[in-house]
Amino acid sequence: MMISVLCLSSRGERREGSEIVTAWRRVLGVAVLVVLSSLTGIGAGTGATGAAAGNGIAIEGGQTIPAPTNVSDTPQQSNPDRFSVSIVEGGAITQGAERDVTIHVTNHGNEPVRNVAAKLFIDDPFDASNDTARLDSLAPGETRNLTFTVNASASAAPETSHPLEMDFRYDRQGSTYLSKTYRLNLTVLRPAVIGRLVRGDGTPVTNASAVLVGPDGNHTREPLNATGGFAFTSWQGDSDLPSNTYVLGVVQTGSPRDGVPDAAGLENVTVPDNRSIGRVTVPNADRVTVTVVNTTGAPVSDIAVNVGSDGVTLRGETTANGRLEVGNTTRIEIAGRPTFEISDTYTVENRSRSGSEVTLVLRQASSASGVPGFGVGVGVLSLLIAGLLIRRRTGG
């Protein structure tokens, strides 16, 4: 009797690994038992031997080894562009840092595919903390995003590109297929300042951005990834981060109200001395409401107020009842004693706090047109000049 053995492609071996090999060893073992039983009569009439089943091989106890699914994508071989992939975010990763890599995936076939499992194959100097992603389905012509978290080692050569490969296992018309391998490129960036922002309990800060503020008040932001990590490699369009001393801070993205300050300075960072600053703890914030009034107690509306600390601020604006609104909320999260920056039109005469209520009392800044008595003096002087001119004309 001839026994056929399925030979997996190298990509199939890479993808399925020992799992498929073990399954086929079990299949071959049962097949050998079937052959031996037919030759020797072992187990005849007892039902103890394996018997052929329509959708697999039945074994003792009523279990079944499923028939192997199709792991080669035959239609894919004749139509190599069933999927297209492209990196839309995260294609450049800073040396020694971690970043989320988002990849567009489009189904160019004429039929929907289901149970799509994407797998990254990535080598040094990169490593993926999650190298798989799944989609329930992908309709013809549909594009979806897949996100993977990739690390670039500290020894990765900057300004170099490295290949990233991926393939897809998916179901179509009741069979499972393995796609061809797609190749993309990742670039290593030279780091300037890298680190992580964490809370007091060590959990990462998310839904926020790290910010560097220069001595002149200009700044640059970098969104935090899922582990609170950030990496600054450039400055407002320049390819490098200039040597200087900056204030590293945190600013909120949106209004999650999660105990992270809306804006706060954290520590000074010197470039190029500080390349990796490690973990930086963000202080817990209190939630307050800020009301802005004038010296008579009336609310002051429609004025800009920057709130924050240590030179890191967010812009807000007062509502009709004088409440300061930052983003889309009047419940502001602040840490410690914050600073409030007002336009030159007003000066802060007094500030007070009672529990979660903060009150700013503003006085309108003085100007030439606002000096008391100035208008009256000009009017009296005009009358005197007019009187002199009348007397001269009448000859008095």
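Strands β11 (residues 160-172) and β12 (residues 175-178) run antiparallel to one another and are joined by four bridges. This pair is a good place to start reading the model, which is a predicted one. Between β11 and β12 lie two residues, and the two strands form a hairpin. In the turn sits glutamine 173, whose phi is positive at about 55°. For a specific contact to look up, take aspartate 171: its bridge partner in β12 is threonine 176.

**The four-stranded sheet**

Let us move on to another set of strands. An open sheet is built from four strands, and its order reads β4-β6-β10-β8. The pairing in this sheet is antiparallel. Which strands stand at the edges? They are β4 (83-89) and β8 (126-130); each has a single partner strand, so one side of each is left without a neighbour in the sheet. If you ignore direction, neighbouring strands of this sheet are turned by 40° against each other on average.

Inside the order, β6 (residues 98-107) pairs with β10 (residues 143-152) in the antiparallel sense, and nine bridges connect the two. One residue pair to pick out on screen is valine 105 with its bridge partner in β10, arginine 144.

**Cavities**

How many cavities of 30 Å³ or more does the structure hold? There are two. Here they are next to each other:

| Cavity | Volume | Lining residues by class |
|---|---|---|
| Largest cavity | about 40 Å³ | five nonpolar, one polar, two charged |
| Second largest cavity | about 30 Å³ | five nonpolar, two polar, one charged |

The lining of the largest cavity is made up of Asp262, Ala263, Val307, Gly308, Glu333, Ile334, Ala335 and Pro338. Two elements give two or more residues to this lining, namely β22 (304-309) and β25 (332-334). The charged members of the lining number two, alongside one polar and five nonpolar residues.

For the second largest cavity, the residues to select are Val198, Arg199, Val205, Gly259, Val260, Val282, Pro283 and Asn284. Its lining holds one charged residue, together with two polar and five nonpolar ones.

**A short recap**

To retrace the tour on your own screen, begin at the β11 and β12 hairpin with glutamine 173 in its turn. Then follow the open sheet in the order β4-β6-β10-β8, pausing at the nine bridges between β6 and β10. Finish at the two cavities of 30 Å³ or more, where the lining of the largest one includes Asp262 and Glu333 and that of the second largest includes Arg199.

Terms used:
Residues are numbered from 1 along each chain as its sequence is written. This is a predicted model: local features need pLDDT of at least 70, side-chain atom pairs count only at pLDDT 80 or more; totals for chains, interfaces and linings use all residues. Side-chain values use heavy atoms; hydrogens and water are left out. Two strands pair if DSSP finds at least two bridges between them. Axes are lines fitted to C-alpha atoms, for helices over the stretch in contact, and angles run from 0 to 180 degrees between N-to-C directions. On a 1 Å grid over the protein atoms alone, a cavity is a set of points where a 1.4 Å probe fits but cannot get out, and a pocket is an open set with protein on both sides within 12 Å along at least five of seven lines; lining residues have an atom within 4 Å of a point. Grid points are joined across faces, edges and corners, and a volume is the space filled by probe spheres set on the points. Ala, Val, Leu, Ile, Met, Phe, Trp, Tyr, Cys and Pro count as nonpolar, Asp, Glu, Lys and Arg as charged, and the others, Gly among them, as polar.
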